[in-house]
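Trainee: I have a structure in front of me and would like to work through it step by step. Can we begin with a single pair of residues and build up from there?

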Amino acid sequence: MITMVAIADGSIVGFSKFNPDENDLRALYVASNYVGQGFGKALFNAVIREAEARGLTEFTFHSTITGKDFYERQGCENCGPEDRVLSSGNRIQGYFMRKRIGNVKP
């Protein structure tokens with residue numbers, strides 16, 4: 001598992017967790033007061049670069065309803081809605097997503 005962080009003003013404001021062995025983005029989060037400032041895009045592009053460096057051609061992940069538009073703007077394919085059960089037992093609605101890897105612009 002690879003964890004990346006975004007830092008602003010000396011604090012962690014976002015993170016991503018990527019499992020290259022399973023071609024799976026496990027998490028990408030940015031604190032609400034930093035959304036829209038490019039931290040999510042920077043973290044997502046860092047995941048793509050890591051996947052490319054490992055020779056992957058795509059990775060998949062589960063998006064929340066609120067994250068779907070962000071991922072679609074990053075060129076991800078929405079593979080359809082899904083319900084997931086979290087380790088806490090809570091059920092959430094979301095989308096199964098796929099990112100095919102090409103060149104990443106900085």
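Trainee: Which residue of strand 4 is the bridge partner of leucine 25?

Mentor: This is a predicted model, so everything here is computed from predicted positions. Strand 3 covers residues 24-30 and strand 4 covers residues 58-64, and the two pair in the parallel sense over 2 bridges. Leucine 25 takes part in this pairing, and its bridge partner in strand 4 is phenylalanine 61.

Trainee: Which elements of the sheet does helix 1 touch?

Mentor: Helix 1 spans residues 39-53 and packs on the sheet. Its direction makes about 150° with that of strand 1. The elements in contact with helix 1 are strand 1, strand 2, strand 3, strand 4 and strand 6.

Trainee: What is the bridge partner of phenylalanine 18 in strand 3?

Mentor: Strand 2 and strand 3 pair in the antiparallel sense over 6 bridges. Within their hairpin, which has 4 residues between the strands, asparagine 23 takes a positive phi near 50°. One pair places glycine 14 opposite valine 30. For phenylalanine 18, the partner in strand 3 is leucine 25.

Trainee: Which residue of strand 2 is the bridge partner of threonine 3?

Mentor: Strand 1 and strand 2 pair in the antiparallel sense, over 7 bridges. Their hairpin has 2 residues between the strands, and aspartate 9 there has a positive phi near 55°. The partner of threonine 3 in strand 2 is lysine 17.

Trainee: Which residue of strand 6 stands opposite valine 85?

Mentor: Strand 5 and strand 6 pair in the antiparallel sense over 7 bridges. They form a hairpin with 5 residues between them, and glycine 89 in the turn has a positive phi of about 95°. Opposite valine 85, in strand 6, stands arginine 91.

Trainee: In what order do the strands lie in the sheet?

Mentor: The sheet is open and is formed by 6 strands with mixed pairing. Its edge strands are strand 1 (2-8) and strand 5 (77-85), each pairing on one side only. Neighbouring strands are turned by 25° against each other on average, direction ignored. The order is 1-2-3-4-6-5.

Trainee: What pattern does the protein follow along the sequence?

Mentor: Count the elements before ordering them. The protein has 2 helices and 6 strands. Read along the sequence, they give β-β-β-α-β-α-β-β.

Trainee: Which element gives the most to the lining of the largest pocket?

Mentor: The pocket holds about 730 Å³ of space. Its lining has 32 residues, and those nearest its centre are Leu28, Tyr29, Thr64, Gly67 and Tyr71. Strand 3, helix 1, strand 4, helix 2 (68-73), strand 5 and strand 6 each supply at least two lining residues. The most, 7 residues, come from strand 3.

Trainee: How many residues of the lining of the largest pocket are charged?

Mentor: Sort the lining residues by class. There are 15 nonpolar residues and 11 polar ones. The number of charged residues is 6.

Trainee: What radius of gyration does the protein have?

Mentor: The C-alpha atoms fill a box of roughly 35 × 35 × 25 Å along the principal axes. With 106 residues, a compact globule would have a radius of gyration near 13 Å, so the value for this protein agrees with that expectation. That value is 14 Å.

Note on methods. Residues are numbered from 1 along each chain as its sequence is written. This is a predicted model: local features need pLDDT of at least 70, side-chain atom pairs count only at pLDDT 80 or more; totals for chains, interfaces and linings use all residues. Side-chain values use heavy atoms; hydrogens and water are left out. Two strands pair if DSSP finds at least two bridges between them. Axes are lines fitted to C-alpha atoms, for helices over the stretch in contact, and angles run from 0 to 180 degrees between N-to-C directions. Contact means heavy atoms within 4.5 Å. On a 1 Å grid over the protein atoms alone, a cavity is a set of points where a 1.4 Å probe fits but cannot get out, and a pocket is an open set with protein on both sides within 12 Å along at least five of seven lines; lining residues have an atom within 4 Å of a point. Grid points are joined across faces, edges and corners, and a volume is the space filled by probe spheres set on the points. Ala, Val, Leu, Ile, Met, Phe, Trp, Tyr, Cys and Pro count as nonpolar, Asp, Glu, Lys and Arg as charged, and the others, Gly among them, as polar. The radius of gyration is taken over C-alpha atoms; the globule rule is 2.2 Å times the number of residues to the power 0.38.
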